[in-house]
Amino acid sequence: MHVAIVGGGILGCSISWALRRAGADATVIDRHGEVGHGSTSASCGIVRRFYSQPGMIALAHEASHLWADWGAHLGPIEDELARFERPGVLLIPPAIDASVHAIIARMKECGVAVQLLDADAAEARFPFLCADSFFPPVPTADPDFFEPTGKRIAGAVFEEDGGYVVSPSLAAHNLRLAGERDGVQFRLGTTLVGVERPDGGPFLLRTADGGTIEADAVVNAAGPHSGLVNRMGGVTLPLETRPLRREVHAMKNPRYEAGGGVPVVGDLDGGIYFRPESRCRDLIVGSADPACDAFEWVDDPDDYNESISDLVHDRQTLRLMKRFPDVQRGPARGLGALYDVTVADWYPIIDKTDLDGWYVAMGTSGSSFKTAPVIGPLVAKLVMECEGGRDHDVDPVVLDLPRTGLRVDASFLSRLRQANATTGTVIG
Ligand SMILES: Cc1cc2nc3c(=O)[nH]c(=O)nc-3n(C[C@H](O)[C@H](O)[C@H](O)COP(=O)(O)OP(=O)(O)OC[C@H]3O[C@@H](n4cnc5c(N)ncnc54)[C@H](O)[C@@H]3O)c2cc1C
């Protein structure tokens, strides 16, 4: 069986390699001249396990083991390896309520080293972070933006061994080399422009250079372009996905000289997330989607602003300076990039579709870099079993996760699901 994977981002690279190892012939098609140059290249690469759904906790935890043992996971390749830096992940929810306690309990059941810190303990552990509460975040134009609230954070969830991968593009390249070593074909610099399926036979993928690629099955892993690619195949999904513009900004890390020690911080109380960058010289900061900020939906993923704006730069860096008072304003640096969001619940859609032979790994909602090493085997299992006659809609694929000993029923990522109960933000 020959499977064409549209998209050579972190997901396409992981999926194609897993398909090849499962016995399929696999060809990755990407319009860029190198893998990992789509939304993967803008990823912050954060690896955390705090998720509302148990299945996502399990996938993220399994993946964290693979990131930690990346060289062994890949096997021999001639490349610099992506690094998993593990300064810990400190998540500051606006409230420590029953749902947070339930997530912590589930994380512990999965074997995640996680602890709940109160405001004093968080401040003692990270004295350079302010433990005041800023919830609910407000726009910078709000007269109260800089006013002390007189409240402390409700607490923080600390994942001792969480962190981030540098660099996401390099991780995709590592996977490309592992895939090529094992027989995956890469057709880079090749843009898919149309899909035909004469007489219900194999798919004919038409490319911009006038060529065709024949495939028995197709996996759409085209990131923010995945909606367009589905349209080429005549595929519609019950769950809506949309590209969403984001900005990430870089600031100098005031702790660099002092030896670092800055964790990844998911500051839901303050409306941002941040982590060290460039071997701790910098910090990068993004949005945790507070309710006061409008979403920047994008109609055409080929037409959006890749630069940064004063509005978003101001609000993200000023929020960072409230949480981390030693940070100083410097020259504006950063980028604009796209998420591919599943609007209903911000969880990815990993599924077959109503078109036989057409599969999707899309709607990744700004958080599927971390799980990519596990989504690869999941999609491979899905494709191999469905092509072998399994009806995943009624008899869902279950993935064994060997590093953690956990099992995941993939139906929570189905296109037919009721929306998962999530935060409806990048936090999931
Ligand atoms: C700013 C930002 C920060 C993020 N931070 C994190 C994080 O901290 N942690 C985390 O886990 N996740 C994070 N994510 C999410 C994560 O990076 C994405 O979910 C993941 O990289 C998506 O990978 P992908 O392979 O699906 O898509 P992409 O990397 O976008 O790859 C899709 C590929 O498809 C190709 N393509 C599209 N159309 C065509 C066509 N017609 N023909 C041929 N090729 C085509 C593109 O060239 C592209 O290379 C972040 C994302 C962004 C944008």
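**Ligand shell and Q53: reasons behind the terms**

Mentor: In this predicted model, the shell around the ligand holds 16 nonpolar, 17 polar and three charged residues. Local features need pLDDT of at least 70, side-chain atom pairs need pLDDT 80 or more, and totals for chains, interfaces and linings use all residues. Residues are numbered from 1 along each chain as its sequence is written, and side-chain values use heavy atoms, without hydrogens and water.

Trainee: What makes a residue nonpolar, charged or polar?

Mentor: Ala, Val, Leu, Ile, Met, Phe, Trp, Tyr, Cys and Pro count as nonpolar. Asp, Glu, Lys and Arg count as charged, and the others, Gly among them, as polar.

Trainee: Why is the ligand said to lie between domain 1 and domain 2?

Mentor: Both domain 1 (2–82 + 166–239 + 345–413) and domain 2 (85–163 + 242–342) give residues to its shell, so the ligand lies between them. The bounds come from an automatic or database domain assignment.

Trainee: What makes the pair of I46 and the ligand a polar contact?

Mentor: A polar contact is a pair of N or O atoms within 3.5 Å; within protein, one must be able to donate a hydrogen and the other to accept it, and residues adjacent in sequence count only if both atoms are side-chain atoms. A backbone N or O atom of I46 lies 2.8 Å from a ligand oxygen. That is within 3.5 Å, so the pair qualifies.

Trainee: Why is Q53 called buried?

Mentor: Its relative accessibility is 16%. Buried means under 20% relative accessible area, exposed over 50%, partly exposed in between (1.4 Å probe, protein chains only). Therefore Q53 counts as buried.
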